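Biologist: Got a minute? I'd like to walk through this one with you.
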Amino acid sequence: MSNETNRRDFLGYTFAAVAAVGGAASLVGMKRAWDPLPSVLSSGFTEFDLSTVKAGEPSTIVWRGKPVFVLKKTADMESNKRDLVINNDRYTIAIGLCTHLGCIPAWKKTKWKCPCHGGEFNASGEEIFGPPPRPLDLPPFSLKGTKIVLGEDGPEYKKIAAAMKA
């Protein structure tokens, strides 16, 4: 020790250094505890090839534990602001949970019908009958060629979401 530093100052500096190291270690530990696990992050994105969907027959994908309906519209189905247009094909993409009580609607020829209270949604996912208060929800997605990636906010999603609000 130098003549200018007494024992009390030395103990104070030592305590401050130990506290700083302990504080930094606890912050690293808290960050690791708050961050989602890699398995959770990887399950947040689901990729699906739209070219496999047959016209008029919806496909169901599981994304984050929820069913997502993908319907390739036939020529006789009316177009809608919710449609995802790729080349000349029109698709409806919607979370497959009724907006009334969260039941899973079933496809009945030209519409989705909810088994709980008889709510009905057209091929575009809009409510047409019964108690559902709003259309089927739109999952965030992005487009990579003919593949759709659920869980990402792409420009196509933003365009459809803005059209739904208008």
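Biologist: Start with Thr46. Buried or exposed?

Modeller: Thr46 is buried, at 17% relative accessible area. Bear in mind that this is a predicted model.

Biologist: Why does 17% count as buried?

Modeller: Because the cut-off for buried is under 20% relative accessible area, and Thr46 comes in at 17%.

Biologist: Which strand is Thr46 in?

Modeller: Strand β1, residues 46-49.

Biologist: And what does Thr46 touch?

Modeller: Leaving out residues up to four places away in sequence, Thr46 touches Ile61, Val62, Trp63, Ile148, Val149 and Leu150. Leu150, in β11, is also the residue that stands opposite Thr46.

Biologist: How many bridges hold β1 and β11 together?

Modeller: Four, and the pairing is antiparallel.

Biologist: What sheet is that part of?

Modeller: An open one with three strands, in the order β1-β11-β10, paired antiparallel. β1 and β10 (141-144) are at the edges. Each has a single partner strand, so one side of each has no neighbour in the sheet. From one strand to the next, the twist averages 25°.

Biologist: There's a four-stranded sheet too. What is its strand order?

Modeller: β2-β3-β5-β4. The sheet is open and the pairing antiparallel. Here β2 and β4 take the edges, with a single partner strand each, so one side of each is left without a neighbour in the sheet. The twist averages 30° from one strand to the next.

Biologist: How many bridges between β4 and β5?

Modeller: Three, in the antiparallel sense. Within that region, Val85 has Arg90 in β5 as its bridge partner.

Biologist: Switching to packing. How many residues are in the largest nonpolar core?

Modeller: The largest nonpolar core has 19. Phe48, Leu50, Val70, Leu84, Phe141, Ile148 and Leu150 have the most contacts inside it. Elements giving two or more residues to this core are β2 (59-63), β3 (66-72), β4 (84-86), β5 (89-95), β11 (147-150) and α3 (155-165).

Biologist: Take Val70. What does Val70 touch?

Modeller: Among its contacts are Phe48 and Leu50. Val70 also touches Val53, Glu57, Pro58, Ser59, Ile61, Tyr91 and Thr92. That leaves out residues up to four places away in sequence.

Biologist: Any other core worth a look?

Modeller: A second, separate core has eleven residues, including Met77, Cys103, Trp112 and Phe121.

Biologist: Cys103 again. Which cysteine is it joined to?

Modeller: Cys116, through a disulfide with S to S at 2.0 Å. The search of the whole structure finds one disulfide. The link of Cys103 and Cys116 is left-handed, with -100° about the S-S bond.

Biologist: Where do the two ends sit?

Modeller: Cys103 is in the loop between β5 and β6 (106-108). Cys116 is in the loop between β7 (111-113) and β8 (120-121). The two are 13 residues apart.

Biologist: Are those two cysteines buried or exposed?

Modeller: Cys103 is buried, at 14% relative accessible area. Cys116 is partly exposed, at 40%.

Biologist: What about Cys98 and Cys114? Why no bond there?

Modeller: The sulfur of Cys98 is 3.8 Å from the closest cysteine sulfur, in Cys114, which is too far for a bond. A disulfide needs the sulfurs within 2.5 Å.

Biologist: Are Cys98 and Cys114 buried or exposed?

Modeller: Cys98 is buried, at 5% relative accessible area. Cys114 is buried as well, at 5%.

Note on methods. Residues are numbered from 1 along each chain as its sequence is written. This is a predicted model: local features need pLDDT of at least 70, side-chain atom pairs count only at pLDDT 80 or more; totals for chains, interfaces and linings use all residues. Side-chain values use heavy atoms; hydrogens and water are left out. A nonpolar core is a set of buried Ala, Val, Leu, Ile, Met, Phe, Trp, Tyr and Cys residues joined through side-chain atoms within 4.5 Å. Buried means under 20% relative accessible area, exposed over 50%, partly exposed in between (1.4 Å probe, protein chains only). Contact means heavy atoms within 4.5 Å. Two strands pair if DSSP finds at least two bridges between them. Axes are lines fitted to C-alpha atoms, for helices over the stretch in contact, and angles run from 0 to 180 degrees between N-to-C directions.
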